[in-house]
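Work through the exercises below with the sequence and the coordinates side by side. Try each task before reading its solution.

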Amino acid sequence: MNTVKQKKNKKKSIWLDVWRRLRKNKMAVGGLVIIILLFLTAIFADWIAPYSYESQDLLNMFQTPSFEHWFGTDEFGRDIFSRIVYGSRISLEVGFIAVGISLIIGGSIGAIAGYYGGRLENLLMRCMDVLLAIPEILLAIAIVAALGPSIANLMIAVGISSIPGYARLVRASVMSIREQEFIEAARAAGSSDFRIIVKHILPNCMAPIIVQATIGVAIAILTAAGLSFIGLGIQPPTPEWGSMLSGGRSYIRDYPHMTLFPGIAMMVTILALNLLGDGLRDALDPKLKN
Amino acid sequence: MAEKHLLEIKNLTIHYQTDYGTVHAVEGFNLEVGNGETLGLVGETGAGKTTTAFGIMQLLPEPAGKVVAGEIYFRGENLLGKSKTEMKKILGKQIAMIFQDPMTSLNPVMTVGAQIEEMIKLHEPGTKEEIKEKAKKMLEVVGIPAVRQDEYPHQFSGGMKQRVVIAIALSCNPMLLIADEPTTALDVTIQAQVLDLMKKLKDDFKTSMIMITHDLGVVAEICDKVAIMYGGKVVEYATKESLYTKPYHPYTVGLFNSIPDLDSEQDRLNVIDGLPPDPTDMPSGCSFHPRCPHKMPICSQKSPSKVVVGSEHHVYCYLYEQEGAL
């Protein structure tokens, strides 16, 4: 029986291997569980939230947490728990799509620069350096201010402002893989450059990219919340954690629950993503293989 | 063009431009490979063997490496005149390469089956099933059970990996196989297995082969013709039998002398005095003259020309030029 099991194990792919190592890391698994719960919350928000996120109840303003309103109500009597539940949609959407944008654009730039090198690399990377010279948050503010505040523009702004980081990361990974013999072998087999990059190089630099992207989602959520906080992101009444914080700010002395709960929601999300990112980094590091 | 040669290299010269000066990796290199023939390209590390191979395939590292002069005729067509797109159709399909280290010449995150399929997909498009079937067949041909096609390279031993590399190289039935020290990274017993396999497959697939090696034992095992390379040039070219019966060039003689004799007691290995030449600063004339035991004044002045010393045996050395053809 043991041998049968061993045979099955032998066929495992590299990703199964990673999962086996990730599973050992309790913190990372905790982070993963929280993120999965968050996704479920976002998907089933309509069933989970006891109230609509915009229905006002002016008789019940500034309620402290109770059985009826778990996290209390805000200045319009809206249920804060429901708003946080719906807010998870926005945060996850913004976080993942923004990272998707920067990963696709930054990744392509980095891959091309890293693979071809020479003048093209110089040109692309100096453009990235220019972007890098502007603080990320300022760049995002400038882009949103120019495009006008909306969810889509928020994603674009957050995405663009983090492009240079991904470009540099992917470039560095591509450069280290490019010199390996199997790339030479692929070239000797008559593969085109595009095929070599997509089929041979990128799959080999997935590890650092995944780690960076996971932590990048956390940063993107924070940046988006920050932009909403200063009024450049999601507009009311759409619930967004950052704008909820901002809305509760004026009442923080008397009704701290209005800022406390969105703050906790954000903190837990970021923490979970960072834990998962750290765990993935360890799990994907080939030097720790055992 | 004489059609009897599959590959004919004339006066090939390859230089690398580096910060330390121009590296004369290959200088006036001449060679022919006939159909179905196996040629051993023998020389020390740095003699320009691998550079020659990359030169043939036009995969020299850019922008440093450059073919400065010469012609490479493959099936009567000059490869140096081909565009990159044309070369991509030839590489893999007509000229395939086996690399030195099987540990690093396979993509670690792709299953071996997928890597063989990749090669077939590039040159012989077909339906998914056909390609998969063919890949399976190739694995069996090199002696690996087809059920292992979904495994990753790290699940194979070194010898098995080299078999996979051979399967990939032969999957499109190339006319010329360039093997760059295919057995150097393997231990001796596996070396013998891999060489036997290559020998058998070469005959089955009717492929010509250039075997790059520094091991005269490997040459004896598998090659028909041998070209001895020194300082970027061929110094002696012969059939295997002719060369092993009587080597002419002082360098070749030195190589043979440095093989330890099993029958006699010997405390020290015979070596060729001196070091291989610095490729940025090649000696004038015959590049071997600083180390040559039979050095003559003319050796440092002019490069020796080809001296025919037997049927299909020629050497570049003044020793024989003066005596006339032997």
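The exercises that follow move from chain A, through the contact between the chains, to the sheets of chain B.

This is a predicted model, in which local features need pLDDT of at least 70 and side-chain atom pairs count only at pLDDT 80 or more, while totals for chains, interfaces and linings use all residues. Residues are numbered from 1 along each chain as its sequence is written, and chains are lettered from A and ligands numbered from 1 in the order in which they are written.

**Exercise 1. Describe the secondary structure and the overall dimensions of chain A.**

Solution. Begin with the elements, where helices (H or I, at least four residues) and strands (E, at least two) are DSSP runs numbered from the N terminus. Chain A has 14 helices and zero strands. Next, take the extent of the C-alpha trace, which along its principal axes is about 75 × 60 × 25 Å. Then turn to burial, for which a residue is buried if 20 or more other C-beta atoms, placed from the backbone, lie within 10 Å of its own, exposed if 12 or fewer, and partly exposed in between. Of the 290 residues in chain A, 42% are buried. Finally, consider contacts, defined by C-beta atoms, placed from the backbone, that lie within 7 Å; of those in chain A between residues at least 6 apart in sequence, 69% join residues at least 24 apart.

**Exercise 2. Characterise the packing of α12(A) against α13(A).**

Solution. Two packed helices are described by the angle between their axes and the distance between the axes. Here the axes are lines fitted to C-alpha atoms over the stretch in contact, and angles run from 0 to 180 degrees between N-to-C directions. The axes of α12 (residues 206-229) and α13 (residues 241-248) of chain A come within 7 Å and cross at roughly 40°. Their crossing is right-handed, the near helix being turned clockwise from the far one by less than a right angle. The residues that meet include Ala224(A), Gly226(A) and Phe229(A) from α12(A), and Trp241(A) and Leu245(A) from α13(A). By class, the contact holds five nonpolar, five polar and no charged residues, where Ala, Val, Leu, Ile, Met, Phe, Trp, Tyr, Cys and Pro count as nonpolar, Asp, Glu, Lys and Arg as charged, and the others, Gly among them, as polar.

**Exercise 3. Which element of chain B gives the most residues to the side that touches chain A?**

Solution. Start from the whole interface, in which 24 residues of chain B are in contact with 18 residues of chain A. On the chain B side, the elements giving two or more residues are α2 (84-90) and α3 (112-123). Of the elements, α3(B) gives the most, with four residues. The residues on this side of chain B divide into 11 nonpolar, six polar and seven charged.

**Exercise 4. Place β7(B) in its sheet, and explain why it is largely enclosed.**

Solution. First establish the sheet, taking two strands to pair if DSSP finds at least two bridges between them. The open sheet of eight strands runs β6-β7-β8-β3-β9-β10-β12-β11 in chain B, with mixed pairing. Its edge strands are β6 and β11 (306-310), each pairing on one side only, and the twist averages 20° from one strand to the next. On one side, β6 (residues 95-98) is joined in parallel to β7(B) by four bridges, with Ile95(B) partnered by Leu176(B). On the β8 (residues 208-213) side, β7(B) pairs in the parallel sense over five bridges, and Leu177(B) stands opposite Met209(B). Together, β7(B), α6 (residues 188-205) and β8(B) make a right-handed β-α-β unit, meaning that, with the strands pointing away from the viewer, the path from the first strand over the helix to the second runs clockwise. Lastly, β7 (residues 176-180) of chain B is largely enclosed by the rest of the structure because five of its five residues are buried. Leu176(B), Ile178(B) and Asp180(B) point one way, and Leu177(B) and Ala179(B) the other.

**Exercise 5. Which strands stand at the edges of the four-stranded sheet of chain B?**

Solution. The strand order in this open sheet is β2-β1-β4-β5 (chain B), with antiparallel pairing. β2 (21-34) and β5 (77-78) stand at the edges, each with a single partner strand, so one side of each lacks a neighbour in the sheet. Between β1 (residues 5-18) and β2(B) there are 10 bridges, and Leu7(B) stands opposite Val33(B). Helix α1 (residues 49-57) of chain B packs on the sheet, touching β1, β2 and β4 (65-74), and its direction makes about 70° with that of β2(B).

How values were computed
Contact = placed C-beta atoms within 7 Å.
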